[in-house]
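Look at the structure below and keep it open while reading. The text begins with a ligand and then turns to the domains of one chain.

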Amino acid sequence: MPSSWNELFITGEDAPAAAEAPAEERQGFFRRLRQNLSKTREALGAELQASVFQTLDDEAWERLEETLIYADVGATTTAMIVERLETEAGSGELSGGEELTRRLTEIMAEVARPGEMTIDLRPHPTVILMVGVNGTGKTTTIGKIAWHLQRELGKSVILAAGDTYRAAAVEQLVEWSDRAGCDIVRAAHGSDPGAVAFDAIEAAKARGHDVVIVDTAGRLHTQHHLMDELTKVRRVIQKQIPDAPHETLLTIDATTGQNGLRQAMLFREAVEVSGIVLTKLDGTAKGGIALAIAQELGVPVKLIGIGESLEDLRPFDPDDFARAIIGS
Amino acid sequence: MFDTLSERLQSALSEVRSHGTLTEDDINKAMRQIRLALLEADVNFQVVKRFTAAVKERALGADVLESLNPGQQVVKIVDEELTALMGGAGRDLVFASSRPTVILMAGLQGSGKTTACGKLARHLREEHKKDVALAACDVYRPAAVDQLVKVGSQVGATVYEQGTGRDPIDIAEWALGRAKSEGRDVLIVDTSGRLHIDADLMKELAEIKKRTKPHNVLLVVDAMTGQDAVNVAEQFAETANFDGVVMTKLDGDARGGAALSVKAVTGKPILYASTGEKLDAFERFHPDRMAQRILGMGDVMTLVEKAEREFDEKKAEELERKIRRQEFTFDDFLDQLHQVRRMGPVSGLLKMIPGLGSQLSGLKIDDRELDRVQAIITSMTPEERANPSLLNGSRRRRIALGSGTNVSAVNQLVKQFGQMQKMMKALSQGKMPSLSQLARGR
Ligand SMILES: Nc1nc2c(ncn2[C@@H]2O[C@H](COP(=O)(O)OP(=O)(O)O)[C@@H](O)[C@H]2O)c(=O)[nH]1
Ligand SMILES: Nc1nc2c(ncn2[C@@H]2O[C@H](COP(=O)(O)OP(=O)(O)O)[C@@H](O)[C@H]2O)c(=O)[nH]1
Ligand SMILES: [Mg+2]
Ligand SMILES: [Mg+2]
């Protein structure tokens, strides 16, 4: 389970020492997140408490349910988690609020960890395809990943400016490639995104880049023709390198509610999503929909976005995530 | 993937049918379904609590007791309450007596502000014949200024920009000065996305507001937002005291409960709906459609998508062939009925069609009538369904008994079916739109 960068990325090499973010920095983020959350609760006047099980009365279960619903976990997954805990508590395995809270965190972390959570960078070049609905943070995440791979792992990255639709989307990615100090392939507005991906992979092969990251235009999962276009982009990539894209990351905005599940479902159908990037966790939203996605679709979160700067990207830590949701 | 709330309520209250009135216990059952449906639609759980309490109070009142179909009655109450809550006394955009009218746009990152600036500019130009200018105050997001410049040129609005080197507060003030001196009717100020808990950026927003004295402050909210919408709305209300909301990305299949949450906690009206990436996908917000969408009845968009999803193309082609050969039977009719009804109650479906809703108030479209039709057909033998001419008097009496209806209802259906067959014959000889095309077509 990758809670640090060198566990997340499999490079087949010894990880450079610099790759490990200082423990203090990591804790800092989740502490801040929890503080934000408690501020929100005060503001809301909700009777959610710092610990769900401060008292173990009848209302505790309802409070737990509300806590999860409030985190956008959704009714189905909430019911599943509460039921599991209730069964364990009923059979006398657990006693006391503290133990229940600990077990609850464990269960949620387990749910949030449904499969392979690493990103394998051993293929040469590794192709990463970035997909998602509009405005969720694809382009920004690409900039952050590129920067990290270049700076921390010493990889040479090339970006494919595959959003040829939105106004100034290419310019935006160009700016990120400057910041990350990496190469970029771009094409005219309105041109075929598959062709851009193709060119970038060819360029990577010719120039010896380690990683190709393909940006795509935002699209709603309900737009069939645009989802078909995405499938086509994937096919183009596959034709060039049979195992590629090695990683297909779906950005989910942490503020997203139950629609996130539909997004994941339909993007997975179109392009075989291998992982989620949960963005904008620096706000007050807790991104609980990622738990529903993990539970119902088995797609794990691999990275989280916690701001708009280059360094605001972290490997996903299920335990921290679970703790942040219940505020313990 | 979601059943409609009405379906759920029908099944939760199915036993009530026999005794015909709602007990407190029935209503509690219904409230659980409503609560679940609203939570699945992303309405904030505090708002849901308050809302179901209000609905329960009304449902316990006398008007429900007269109801014949308790499930539908409860749906009606919920729909009415929801529409009232979503709409209510709102204000429209305000135009200043002296130029320019200033509109300040604010919201979270990626919610659709810049796109909405372009759409609003286009809307004001086309519908209100206004000369619109845009101010590019997002200096943080890479290429945000470029994006606004492009959007502006697409809609014929002047864009005031000073790159990314200056303070957004200064840019806003400078743009206002230019709009004044150039005599623009409207100045729309695009700002960068900001988190409601980002103290510095919220202060910046307050300052932009102070300097530009906007006549309208609009909060741009993504329709896919979950429970957090209330926090965002409350914080933005506190800092910028916005006047109205633009809901974006309503072209998707999000149920949009955020709209209800935002309205409920701030009381601010939702003014516009943004329904696509193209700059003309922008319309006035309709509270009644939104209420139905949140309830799971969908709006027109969902209706079309549903029709596409539910309508089995193979069956459609088969049916078409049958009609051409005049082999259309009661079984096919039943099939059709099922297909349509899978999309929800027919009365609800018809209401979603724009313009039809209001005309429909006089017309009674009764789902129970369709229940009866279904019951009659299923009481026929396969031979009778395939060959209605077999239906003599004794057979009709048997069917009436089996379906719990009466002979005249059976007679009426058989007669109507005969007329339908005739009509289809006529159609199939003339110009008949391909049914499979209809199912696919937009
Ligand atoms: N606060 C915050 N903002 C983010 C994060 N990721 C992206 N953004 C912002 O969200 C907006 C949309 O991001 P962008 O990368 O353009 O989304 P795309 O349309 O999916 O490519 C921009 O304003 C980004 O700065 C994040 O983790 N936190
Ligand atoms: N499908 C859809 N996409 C939208 C809508 N409004 C905005 N977008 C897209 O959402 C993304 C973010 O929009 P943008 O205006 O840049 O958001 P901003 O960061 O708030 O300025 C872009 O890809 C837009 O094309 C809408 O109503 N429907
Ligand atoms: Mg992008
Ligand atoms: Mg913008």
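In this predicted model, a nitrogen atom of ligand 2 lies 2.8 Å from an N or O atom in the side chain of Asp251(B). Oxygen atoms of ligand 2 also have polar partners. A polar side-chain atom of Gln147(B) is 2.9 Å from an oxygen atom of the ligand. With Lys249(B), the backbone takes part: one of its polar backbone atoms is 2.9 Å from an oxygen atom of ligand 2.

Where does ligand 2 lie? Its place is between chains A and B. Around ligand 2 there are 19 residues, and those that come nearest are Lys113(B), Thr115(B), Arg141(B), Ser274(B) and Glu277(B).

Now follow chain B as a whole. Chain B is divided into three parts: domain 1 covers 3–85, domain 2 covers 101–295 and domain 3 covers 305–440. In the contact between the first two, domain 1 of chain B supplies 16 residues and domain 2 of chain B supplies 20 residues.

Together, domain 1 and domain 2 of chain B bury about 1,600 Å² between them, with 61% of that area on carbon and sulfur atoms. Between these two domains of chain B, six residue pairs are in polar contact, while the count of salt bridges across the interface is zero.

On the side of domain 1 of chain B that touches domain 2, the elements giving two or more residues are helices H3 (24–40), H4 (45–59) and H6 (70–86) of chain B. H6(B) gives the largest share, five residues. Sorted by class, this side of domain 1 of chain B has eleven nonpolar, two polar and three charged residues.

Definitions and conventions
Residues numbered from 1 in each chain as written. Chains lettered and ligands numbered in written order. Predicted model: local features only at pLDDT ≥ 70, side-chain atom pairs only at ≥ 80, totals over all residues. Heavy atoms only, no water. Domains from an automatic or database assignment. Contact = heavy atoms within 4.5 Å. Buried area = accessible area lost by both parts, 1.4 Å probe. Salt bridge = Lys/Arg side-chain N within 4 Å of Asp/Glu carboxyl O. Polar contact = N/O pair within 3.5 Å; in protein donor to acceptor, adjacent residues only side chain to side chain. Helix = DSSP H or I, 4+ residues; strand = E, 2+ residues; numbered from the N terminus. Nonpolar A, V, L, I, M, F, W, Y, C, P; charged D, E, K, R; others polar. Near = heavy atom within 4 Å.
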